[in-house]
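Hi everyone, thanks for coming. I'd like to walk you through a structure that is probably new to most of you, so let's get it up on the screen.

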There are 2 protein chains.
Amino acid sequence: MARNVEFNEDQATQKAMEVFWEKGYNGASLRDLTEAMKINSSSLYNTIGDKQELFLRSVQRYADDRKKDIKRRLESGKSAFNILIDYINDAVDVITTKKNGCMAVKMAFEVGHTDKRVADVLKADSDFAFSFLRDLIKSAMEEGSIAADEEPELLADYFNSTWTGWYESYILHKDGEKIRRMAQFFIKQISK
Amino acid sequence: MARNVEFNEDQATQKAMEVFWEKGYNGASLRDLTEAMKINSSSLYNTIGDKQELFLRSVQRYADDRKKDIKRRLESGKSAFNILIDYINDAVDVITTKKNGCMAVKMAFEVGHTDKRVADVLKADSDFAFSFLRDLIKSAMEEGSIAADEEPELLADYFNSTWTGWYESYILHKDGEKIRRMAQFFIKQISK
DNA sequence: AGTTTTCTGAAACATTTGTTTCAGAAAATA
DNA sequence: TATTTTCTGAAACAAATGTTTCAGAAAACT
């Protein structure tokens with residue numbers, strides 16, 4: 001004896017994510033969001049909650065997508081070294097072709113200090129990427145394709161933080177060739 | 001036959017910079033700003049201009065401070081290699097001790113896509129640091145303290161973008177030891 | 001089909017936003 | 001000191017913000 005929610009919450013969150021991604025948390029207004037989501041604010045507040053909650057879910061969703069992407073890479077059957085190389089090259093590709101770069105990085109700088117719940121999601125996302133990289137690096141060392149004279153944990157942290165600077169560089173200089181050269185240098189350095 | 005501006009524009013801009021630095025452009029309200037600057041909004045609009053103009057000047061000021069800092073380093077009389085090492089270690093220090101990290105990085109991610117004038121200031125700031133690093137790297141190569149098998153330009157870009165990732169890492173993980181280890185690894189890699 | 005519960009749309013809400021107004025105080029010149 | 005110009009403080013402005021309200025439409029159940 002009741003009605004169901006009409007709109008697709010998943011599709012709506014996806015749209016909200018895109019708006020936050022482009023405008024940032026403070027730059028996105030409720031009207032920007034509900035317009036993109038194609039729902040009324042009453043529906044939003046009835047089902048999802050307020051702006052912060054919507055934002056949290058948007059970031060969560062972004063992290064979920066990345067997790068899936070990483071799992072797909074692990075199931076590709078390629079060698080550890082090649083998975084790493086692909087991961088780096090794909091990062092370069094995202095940086096130089098997608099309009100808004102990486103949402104996690106952008107949000108870390110905007111609300112990492114102020115929104116504890118979002119910061120926790122971003123930290124977990126970073127931790128997951130870290131484990132992914134550490135395990136691959138370990139395997140690549142055993143394969144003999146990466147020099148084994150450093151701890152995999154250190155290298156994983158180092159990798160993980162490297163792309164962030166490339167994002168910033170591309171925002172400022174819009175020079176894709178520059179990013180590709182840095183990536184090439186990076187790969188050369190770690191290859192045995 | 002006229003009155004002079006009462007408040008110190010330089011001190012006020014400094015205060016505005018601090019507010020923007022902490023809260024971001026969209027997160028800082030005019031009332032936040034004028035309260036910190038200890039001036040009335042009428043004075044602000046009479047002398048400096050609107051919020052965007054104040055923001056531009058704040059970022060400009062930040063860039064000026066960095067320029068001065070870099071010039072001071074060049075005049076220190078130390079070897080190119082040591083100036084580089086100090087620069088890296090000081091960056092680590094800023095990341096792990098100052099509450100709000102680097103303003104230029106934060107703003108690049110928040111408004112780099114939307115505010116052309118600010119983006120230009122940030123780009124010039126980045127270019128200046130680039131030249132500083134490139135020249136030092138060239139000198140260090142001539143000194144023989146850095147391996148000369150890469151182009152100084154590439155290494156300068158690579159350096160310049162490296163700290164950014166460390167900032168993000170510290171925001172998420174608040175692990176100073178992690179940053180110091182990455183910096184040590186970085187220094188070891190470039191040292192001959 | 002009737003009942004009941006829930007969702008939706010439009011409008012309204014109180015605050016906060018960036019900005020402007022203006023009367024009076026302040027000070028630099030003559 | 002008188003004059004004139006300009007700055008300052010407080011208040012007001014319209015527009016935008018995040019959020020709530022509520023009447024009616026919609027649909028799941030009996």
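**Pockets and the chain contact**

Let's begin with the second largest pocket: from chain A, α1 (9-23), α4 (51-74), α5 (80-97), α6 (103-111), α7 (116-143) and α8 each put at least two residues into its lining, and from chain B, α8 and α9 (176-190) do so as well. Keep in mind throughout that this is a predicted model.

So which helix gives the most to that lining? It's α7(A), with 7 residues. The space in this second largest pocket comes to about 760 Å³. There are 37 lining residues, and A:Y62, A:R66, A:Y87, A:C102 and A:Y167 sit closest to the centre. Sort the lining by class and you get 18 nonpolar, 8 polar and 11 charged residues.

Okay, on to the largest pocket. How much space lies in it? About 910 Å³. Its lining runs to 42 residues, and the ones nearest the centre are B:Y62, B:R66, B:Y87, B:C102 and B:Y167. As for the elements giving two or more residues here, chain A brings α8 (152-173), while chain B brings α1 (9-23), α4 (51-74), α5 (80-97), α6 (103-111), α7 (116-143) and α8 (152-173). The top contributor to this lining is α4(B), with 8 residues. By class, we're looking at 18 nonpolar, 9 polar and 15 charged residues.

Now let's turn to where the two chains meet. Chain A puts 36 residues into the contact, and chain B puts in 36. Between them, about 3,800 Å² of area is buried, and 64% of that comes from carbon and sulfur atoms.

What about charged pairs? The count between chain A and chain B is 4 salt bridges. You can find one between the side chains of A:K188 and B:E150, at 2.3 Å from N to O. On top of that, 10 residue pairs are in polar contact across the interface, with both residues at pLDDT 80 or more.

If you look at just the chain A side of that contact, the elements supplying at least two residues each are α6, α7, α8 and α9 (176-190). Which one has the largest share? That's α8(A), with 13 residues. And the class split for this side of chain A is 16 nonpolar, 10 polar and 10 charged.

One thing to take away: α8 of chain A helps line the largest pocket, and α8(A) also gives the largest share of the side of chain A that touches chain B. That's it from me, thanks!

Definitions and conventions: Residues numbered from 1 in each chain as written. Chains lettered and ligands numbered in written order. Predicted model: local features only at pLDDT ≥ 70, side-chain atom pairs only at ≥ 80, totals over all residues. Heavy atoms only, no water. 1 Å grid on protein atoms, 1.4 Å probe; cavity = no way out; pocket = protein on both sides within 12 Å on 5 of 7 lines; lining within 4 Å. Points joined across faces, edges and corners; volume = space filled by probe spheres on them. Helix = DSSP H or I, 4+ residues; strand = E, 2+ residues; numbered from the N terminus. Nonpolar A, V, L, I, M, F, W, Y, C, P; charged D, E, K, R; others polar. Contact = heavy atoms within 4.5 Å. Buried area = accessible area lost by both parts, 1.4 Å probe. Polar contact = N/O pair within 3.5 Å; in protein donor to acceptor, adjacent residues only side chain to side chain.
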